[in-house]
Amino acid sequence: MSISTPAAPGIAPKCRHCGHQLSLKLISLGLSPVANDYVEPAAYMKAEPFYPLEAFVCGECRLVQTRDLLAASDIFRADYAYFSSHSSSWLDHARTYVDDMSERFQLGANSRHVEIASNDGYLLQYSIAKGINCLGIEPCESVAIAARRKNIETRIEFFGRAYAEILRGEGWVADLITANNVLAHVPDINDFVAGARVLLAPNGVATFEVQHLLTLMQRHQFDTIYHEHFSYLSLIAGQRIFAKAGLRVFDVELPETHGGSIRFFVCHANASHLESPRVVEVLAKERDYGLDRDDVYIAWSESVKETKRNLLDLLISLKRQSKTIVGYGAPAKAVTLLNYCGVGVDFVDFTVDRAPSKQGRYLPGVRIPILPPEAIFEAKPDYVLILPWNLKQEIKAQMEGIRAWGGRFIVPVPKATIEG
């Protein structure tokens, strides 16, 4: 993950992939704090920085991207608070991935598996259990140390072409490269993808899983836009980005993780992997929706405003009935959602999160306190607002006990609804 210098806000941005001038704006979400900069109690009375949060569409390559206002090193710091292993459904996803990849590509004791943005070892632990040689690359010290405690070799580095050359010089040529939910986090996307090509074995496979722009727009998932997400990808854009680095997309999958993702299967341009019919099928879906035309992007902004109005209408109605509302979860998407909608402690008394690294702190901007999950059972609220809505089934199962006092759930996206 390479570091870039942020552009001055008054200068018209250029596409981070092709350099085309960006004139088509997808959305402006006002001013927002950095999503994962949780506020410590000692800093509660201090002002925090807010930055414009807006996304543009490249008219040339169709990459959707935020304006660069912060360098990656200002976001992905040593004290980064997101630990992947706190989600049981994400662990299941990782386990299934390793099982599938090891079988499909015949990985074993002589294979090398490198994960970029390996977090706390949530995924590589399953490859190690199969006897595969593994290496994690993770720029954030807090989560990398957690991985090392699991005996997973982890380098605390930003990944790009230069570091890939160093690894290759050490003998790390990967049969499988995994990059889950990181391609969107890199400002210099061309350098990152070029690094993957350097590190990839001649007939190796790299998989890149990111939220799919198509489902983001279809399901009004505007809250997944925040400063640490520099890019939002479709297959239309992805094919061009990989091709520029000498790589080829030979297969795609559409897992439901993070509200709807796309997983690119990528190899060297001249590798032997045959192209799956799913590549043509997904391209057709994207073009049918209009991702290769301007009008669908122009119309989307108004649909986001309606999603905001629906949530506020529901919360205002409930508060006028003197109902109590708390949140579940403190994900980055909650920071965008609540700050854009203007929802603070006047609506939501507190939120809870399973991650100890977030407990005892406050959500950026709106300053809603973050407590342990058991706080819900002490407060017995009328409603629980599920902020990581992509995990709603997992959360509803965990919080089944709220039904004992008649508690119900609110899911805010794509349209605010009350669920039993």
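**Exercise 1. Aromatic residues**

Phe105 is buried, and Phe265 is buried as well; this statement, like those that follow, concerns a predicted model. Determine which kind of aromatic pair Phe105 and Phe265 form, and where the two residues lie.

*Solution.*
Step 1. A pair of aromatic rings is described by the distance of the centres and the angle of the planes.
Step 2. For Phe105 and Phe265, the centres are 6.5 Å apart and the planes are 50 degrees apart.
Step 3. Planes under 30 degrees apart count as stacked and over 60 as edge-to-face, the rest being tilted. The pair of Phe105 and Phe265 is therefore tilted.
Step 4. Phe105 lies in the loop between helix 2 and strand 4, whereas Phe265 belongs to strand 11 (residues 261-268). The pair thus links distant parts of the chain, 160 residues apart.
Step 5. Together with Phe250, these two residues form one aromatic cluster.

**Exercise 2. Two packed helices**

State how helix 8 and helix 9 are oriented to each other, and identify the residues that meet.

*Solution.*
Step 1. Helix 8 (residues 235-244) and helix 9 (residues 277-289) pack with their axes 9 Å apart, at an angle of about 125 degrees.
Step 2. Angles over 145 degrees count as roughly antiparallel and those from 65 to 115 as roughly perpendicular. Helix 8 and helix 9 are therefore oblique to each other.
Step 3. From helix 8, Leu235, Ile236 and Gln239 take part; they meet Val279, Val282, Leu283, Glu286 and Arg287 of helix 9.
Step 4. Sorted by class, this contact comprises five nonpolar, one polar and two charged residues.

**Exercise 3. The surroundings of helix 11**

Decide how far helix 11 is enclosed, and name elements that cover its buried residues.

*Solution.*
Step 1. Helix 11 spans residues 332-341, and ten of its ten residues are buried. Among them are Lys333, Thr336, Leu338 and Tyr340.
Step 2. Helix 11 is therefore largely enclosed by the rest of the structure.
Step 3. The covering elements include strand 1 (24-32), strand 2 (51-57), helix 10 (295-320) and strand 15 (383-386).
Step 4. Just after helix 11, Gly342 takes a positive phi of about 70 degrees.

**Exercise 4. The nonpolar cores**

Find how many residues the largest nonpolar core has, and which helix gives the most to it.

*Solution.*
Step 1. The largest nonpolar core has 112 residues. Those with the most contacts inside it are Leu183, Phe208, Phe264, Tyr297 and Leu338.
Step 2. Helix 10 gives the most to this core, with nine residues.
Step 3. A second, separate core has 21 residues, including Ala94, Tyr97, Tyr126 and Cys134.

Notes
Residues numbered from 1 in each chain as written. Predicted model: local features only at pLDDT ≥ 70, side-chain atom pairs only at ≥ 80, totals over all residues. Heavy atoms only, no water. Buried < 20%, exposed > 50% of the residue type's maximum accessible area, 1.4 Å probe, protein only. Helix = DSSP H or I, 4+ residues; strand = E, 2+ residues; numbered from the N terminus. Contact = heavy atoms within 4.5 Å. Axes fitted to C-alpha atoms, helices over the stretch in contact; angles between N-to-C directions. Parallel < 35°, antiparallel > 145°, perpendicular 65-115°, else oblique. Nonpolar A, V, L, I, M, F, W, Y, C, P; charged D, E, K, R; others polar. Core = buried A, V, L, I, M, F, W, Y, C linked by side-chain atoms within 4.5 Å. Phe/Tyr/Trp six-rings, centres within 6.5 Å; stacked < 30°, edge-to-face > 60°.
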